[in-house]
Amino acid sequence: MEAILKSSKLLNVCYEIRGPVPERARQMEEDGHRIIKLNIGNLAHFGFDAPEEVVQDVIRNLPNAAGYVDSKGLFQARKAVMHYTQEKKIADVTVDDIYIGNGASELIVMSMQGLLNNGDEVLVPAPDYPLWTAAVSLAGGKPRHYICDEANDWLPALDDIRAKITERTKAIVVINPNNPTGALYPDDVLKEIVQIAREHQLIIYADEIYDKVLYDGTTHTSIASLADDVFFVTFNGLSKNYRACGYRAGWMIVSGNKKIARDYIDGLNILSTMRLCANVPSQYAIQTALGGYQSINDLVGPGGRLTRQRDIAYDFLTGIPGVSCVKPKAALYMFPKLDPKLYPIVDDQQFMLELLQEEKVLLVQGTGFNWPTPDHFRLVFLPNADDLHVALNRLDRFFAGYRKRHGTA
């Protein structure tokens, strides 16, 4: 019989966060090895629980959650999101401008499917959260990666954005706070991006899933609050701010110049109805989460667990020869650089595989985030302090061995 092949639409789609190296880690676990997983921001795995009142609201409403609801989501959930947009100063958002999804991820894919024709281009940051590149490719589009500048705190390189705009460019993706770098974009940079979108009639897609995971007293500005003449699509959810990754409760907001996007919004409505509705039980968590006590502030404030673990990871990594890192201002990750003079890496996926096999630590290589050179990796600093120290000591030992083997020690 002939082999059954995957769709050609998947040829340029990859998701290394759950790729070949994590698959090898799974096999090693089946063989009895204990793997320290620093590859995914899965908060529950590290003892970060969803707020109790959120959990209880889902439990209490389970008897009411067996039927389909409006394809855009429960009214009370969307109304809570609408109130949140008002807090974020995003103007003129109604309940009908909000879509609840099975996590922001589903809605990101939906937003690209509704927009792109074959060959259309979308500007995506490098490094990026790889779902964005995959979603553009799956929809028949072409991701064009603009560089974020490590020497400038990983902020978008505005000149590079301008240089990569063509007649096929439809949109620009802004991931702020940023995954994987932990960067937080200041208002002046956001305003410049808005101006570029205005000049070239681009949609701005704003991924703001970490907008409450902020350190050192910093604040987050929603880019959609900065203009009303540009069309914005903003994404958020419960996964990170409320430690509820498995609930798969996210939302998408259309705002700004909605008049020019009526046909596109009609397409989003069609796609929304095709999946009938998002899972209903988790939608009951949204109103309680957004309106309740914001326990994330305790975790990211001075002395909070996430702040302490960020500082431990940053101080340790930057003390390893040949390792540098921009200290994250937000999110759950850092994106260290390996000096190629000390670490002459050709294949960073193989490098991560060797680390896994030698030290039982699982990371994701920088090229998995569409970074162009094999000299970075993403580290998740979610383990408690003791486990984090164990993981970092193993990294140090592996890096020292690598330098010795390559004569760069």
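Which ring does the charged end of Arg305 sit over? A few notes on side-chain contacts, starting from there.

1. The ring in question is that of Phe48, with the charged end of Arg305 placed 3.9 Å from its centre. Keep in mind while looking that this is a predicted model. A second contact of this kind involves Arg378, whose charged end sits over the ring of Tyr333 at 4.1 Å from the centre.

2. On to ring–ring contacts: the count here is 17 aromatic pairs. One of them joins Trp132 and Tyr205, with 6.1 Å between centres and 55 degrees between planes, a tilted arrangement. Trp132 belongs to helix α5 (residues 130–138) and Tyr205 to strand β7 (residues 203–207), so this pair ties together parts that sit 73 residues apart in sequence. Both partners are tucked away: Trp132 is buried, and Tyr205 is buried too.

3. Have a look at Trp154 and Trp371 as well. Their ring centres are 5.2 Å apart and the planes meet at 80 degrees; an angle over 60 counts as edge-to-face, so that is the label for this pair. Trp154 comes from the loop between β4 (142–149) and β5 (155–156), while Trp371 comes from the loop between β14 (364–365) and β15 (377–380), so to speak a link between distant parts of the chain, 217 residues apart. Trp154 and Trp371 are each buried.

4. There is also a bigger grouping to click through: one aromatic cluster is formed by Tyr343, Phe351, Phe377, Phe398, Phe399 and Tyr402.

5. Now the charges. The structure has 23 salt bridges. In one of them, Arg144 pairs with Glu121, and their closest N and O atoms are 3.8 Å apart. Arg144 is in strand β4 and Glu121 in strand β3 (residues 121–126), so the bridge ties together parts 23 residues apart in sequence. As for burial, Arg144 has 24% relative accessibility and counts as partly exposed, whereas Glu121, at 8%, counts as buried.

6. Arg198 and Asp229 also meet in a salt bridge, at 2.7 Å from N to O. Arg198 lies in helix α7 (residues 187–200) and Asp229 in the loop between β7 and β8 (231–237), so parts 31 residues apart in sequence are tied together. Arg198 is partly exposed, with a relative accessible area of 32%, and Asp229 is partly exposed at 36%.

7. Two more for the list. Lys164 and Asp160 make a salt bridge through their side chains, 3.0 Å from N to O. Asp216, Arg310, Asp311 and Lys327, meanwhile, are joined in a salt-bridge network.

How values were computed. Residues numbered from 1 in each chain as written. Predicted model: local features only at pLDDT ≥ 70, side-chain atom pairs only at ≥ 80, totals over all residues. Heavy atoms only, no water. Phe/Tyr/Trp six-rings, centres within 6.5 Å; stacked < 30°, edge-to-face > 60°. Helix = DSSP H or I, 4+ residues; strand = E, 2+ residues; numbered from the N terminus. Buried < 20%, exposed > 50% of the residue type's maximum accessible area, 1.4 Å probe, protein only. Lys NZ or Arg CZ within 6 Å of the ring centre and 35° of its normal. Salt bridge = Lys/Arg side-chain N within 4 Å of Asp/Glu carboxyl O.
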